[in-house]
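Student: I would like to go through this structure by question and answer. Please show the sequence and the model before we begin.

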Amino acid sequence: MNSDGRLITRGLTKVYSGSGSRRAIDQITMDMPTHGILAFIGRNGAGKTTLVRILATQLEPTSGSATIDGLDVMLDARELRKRIAIVPQEARTVAWMSPKQTVLSYLMWRGFDYSEAKEMAVEALARVGIDQYRDKLNRTLSGGTKRKVLVATVLASEADIVFLDEPTTGLDPISRRDLWNYLSNLGRERFTILTTHYLEEAEQLADRISILDRGRLVGTGTLEELRSLVKYRYSIRLQQETQLLVTANGELAKARDGSVQLLTTEDEAFRLSKDLFEKGYRFSISPVTLDDIFFHLANREDEPQP
Amino acid sequence: MMVQVKRTLNQIIAGILVNSIYEMKNYPIVLINTVLSPLSFLILIVFVSRGSLLGDAIVGGFIMSMFSNGIALQGDLSHLKNDFKLQEMVVSSPASAGAYVTGMAISELIYSSPALAVLVALAILYLHGTLIQGLLFCGVLATMFLTSIALGFTLATMSSDIVQSFAFSRLISTLFSTLPPVYYPITLIPHPFQYLAYLSPTTYAAQIAQNALGYLPISAHTAALDWAVLLSVTMVLFLIAVKKARWREA
């Protein structure tokens, strides 16, 4: 079911009317294969949802273009909508319906007959492991089960491009990991675009990751490709800046909350950690993770401010 | 062509299922509210007039019922869009805006069907008219339905949360169905206030319906003028609704 085309954006920009000149997304240019899982990561307000809403044909960009498998999100929206499905950010199951009714009605909106939709709904709910709740009212279900109902709606559909905007936000760690299994399977079957601010989630699930910061794309690629954006393999983090880090070999980044991170070589990391320990600093040291890459790319001091 | 018609029909049915059938089936308590709303005024007017305004009140019940559909539509569209994000899911699907809104509008009719059933029973018992009068009355009700749906849809595009949506509902309900002479003849209102009553489209609908069924004598000229105003208001509201409607946000 995977598409074999590309997701291509060129200078995609969105300025909301009434927000002055603030750009929700700014000159986003990317070219990605449309298979597997693509994760957009970034802080709140980074532009993830705006980008997803434009790609899912819900929002007009101010300028720039975007195509998915050659279909323009503005010009070919009608065709594209036959192939996409979305679970929006903060989507909720309708309280007065059951999971089966939720999935069934969504499929009918996609044009399926009642009897066909009913069968597909039952099958999809079984696939996400909530078959036993299919006739209960949504309002009686747990948060994790409600979220699975929403995932089942897109899973049941014929869409081969699926958008999930922060699908696990607000879930407890166990429910989140439980949902990861279904999302991982979904990504094997269809091109799945998900947004998250859980870096661990992107690291676990995504085949490719795009990092957004203040509306700009600051890094994109596979985890390995993103790792190569930072030439050092070790990370040291402190709550405040110290001269020891400033004078060390490596790349120093400072966050808006005052905390600092040094990406450095293995030898330098161990030398510094010894010095920091002796001077009584509280710090953490680890091999570079997505978390570090994100921290580093999103907090580069030379990053132009919008 | 047939496949597309069938798909569109399924999309309309989806709206009906979500916004009326499932709600009525899973929350039967809502049926009591749909029956009581248009009938409460009817009962009040009949008691106060000692039965002399029974016919006007039944006519008013029908008009109120039709107009309430638009008020309910604006609340429901807003609720499903802002609180459940359902509309966003439907936008990113093959469903068209027309099929979505048509399904939702019909669902409001179905939702008010218990009240309409009671009113039809009362009409059969107490209203007597010719086939032409009946058709004219149905024409007024259909126009009232379209007016309220266009108004409801336009307001739904403006409300961004449930509090705003409820405020709109209460305001429209008071201005267009509680205050105007819908359940009684306009002649019962003191003269200066009659001008204010004519600001509401429901006044024209009630006047035409009351006249058609023989409860309010008005000249043919006035009846024609009432129709002209009612149809113009409906058309203007539809134009605004079409202009305001944005399936994809700007």
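Tutor: What follows takes up sheets, burial and salt bridges in turn, for a model that is predicted.

Student: In what order do the six strands of the open sheet in chain A lie?

Tutor: This sheet of chain A is open, and its pairing is mixed. Its edge strands, each paired on one side only, are β6 (84–87) and β10 (216–221) of chain A. Neighbouring strands are turned by 15 degrees against each other on average, direction ignored. The order is β6-β7-β8-β3-β9-β10.

Student: Which residue of β8(A) stands opposite A:Leu38?

Tutor: Strand β3 of chain A covers residues 37–41, and strand β8 of chain A covers residues 191–196. The two run parallel and are joined by five bridges. Opposite A:Leu38 in β8(A) stands A:Ile193.

Student: What angle does the direction of helix α5 of chain A make with that of β6(A)?

Tutor: Helix α5 of chain A spans residues 143–156 and packs on the six-stranded sheet. There the helix touches β6 and β7 (161–165) of chain A. Its direction and that of β6(A) make an angle of about 180 degrees.

Student: Which are the edge strands of the open sheet of four strands in chain A?

Tutor: The strand order in this sheet is β2-β1-β4-β5, with antiparallel pairing. An edge strand here pairs on one side only. The edge strands are β2 and β5 (71–72) of chain A.

Student: What is the bridge partner of A:Thr9 in β2(A)?

Tutor: Strand β1 (residues 6–15) and strand β2 (residues 23–33) of chain A run antiparallel. Seven bridges join them. In β2(A), A:Thr9 has as its bridge partner A:Met30.

Student: And which residue of β5(A) does A:Ile68 stand opposite?

Tutor: A:Ile68 belongs to β4(A), where it is the bridge partner of A:Leu7. Five bridges join β1(A) to strand β4 (residues 63–68) of chain A, and these strands run antiparallel. β4(A) is also joined to β5(A), by two bridges and again antiparallel. In β5(A), the residue opposite A:Ile68 is A:Leu71.

Student: Turning to chain B, is B:Gln74 buried or exposed?

Tutor: B:Gln74 lies in helix α3 (residues 54–82) of chain B. Leaving aside neighbours within four places in sequence, its contacts include B:Gly152, B:Leu155, B:Phe168 and B:Ile172. Its relative accessible area is 0% and the limit for burial is under 20%, so B:Gln74 is buried.

Student: Is B:Met2 buried or exposed?

Tutor: B:Met2 is part of helix α1 (residues 2–26) of chain B. Together with B:Met1 and B:Val5, B:Met2 forms a nonpolar surface patch with about 400 Å² of accessible area. Its relative accessibility is 63% and the exposed class begins over 50%, so B:Met2 counts as exposed.

Student: How many residues apart are A:Glu166 and A:Lys48, which form a salt bridge?

Tutor: The closest N and O atoms of this pair are 3.7 Å apart, and both A:Glu166 and A:Lys48 are buried. A:Glu166 sits in the loop between β7 and α6 (173–189) of chain A, whereas A:Lys48 sits in helix α1 (residues 48–55) of chain A. The pair thus links distant parts of the chain, with a separation of 118 residues.

Student: What is the N to O distance in the salt bridge between A:Arg177 and A:Glu200?

Tutor: A:Arg177 is in helix α6 of chain A and A:Glu200 in helix α7 (residues 199–205) of chain A, 23 residues apart. A:Arg177 is partly exposed at 43% relative accessible area, and A:Glu200 is partly exposed at 38%. The N to O distance is 2.4 Å.

Student: Which residues are joined into one network by salt bridges that share partners?

Tutor: One salt bridge within the network is that of A:Arg134 with A:Asp131, at 3.2 Å from N to O. A:Arg134 is partly exposed, with 26% relative accessible area, and A:Asp131 is partly exposed at 33%. The residues joined are A:Lys100, A:Asp131, A:Arg134 and A:Asp135.

Student: How many salt bridges does a search of the whole structure find?

Tutor: Side chains of opposite charge can pair when their charged atoms come close. The pair A:Arg177 and A:Glu200 is one case here, and the pair A:Glu166 and A:Lys48 is another. Over all chains, the number of salt bridges found is 26.

Terms used
Residues numbered from 1 in each chain as written. Chains lettered and ligands numbered in written order. Predicted model: local features only at pLDDT ≥ 70, side-chain atom pairs only at ≥ 80, totals over all residues. Heavy atoms only, no water. Pairing = 2+ DSSP bridges. Axes fitted to C-alpha atoms, helices over the stretch in contact; angles between N-to-C directions. Contact = heavy atoms within 4.5 Å. Patch = residues over 30% accessible without salt bridge, like charges linked within 9 Å, V, L, I, M, F, W, Y side chains within 5 Å. Areas by Shrake-Rupley, 256 points an atom, 1.4 Å probe, with all protein chains shown as cover. Salt bridge = Lys/Arg side-chain N within 4 Å of Asp/Glu carboxyl O. Buried < 20%, exposed > 50% of the residue type's maximum accessible area, 1.4 Å probe, protein only.
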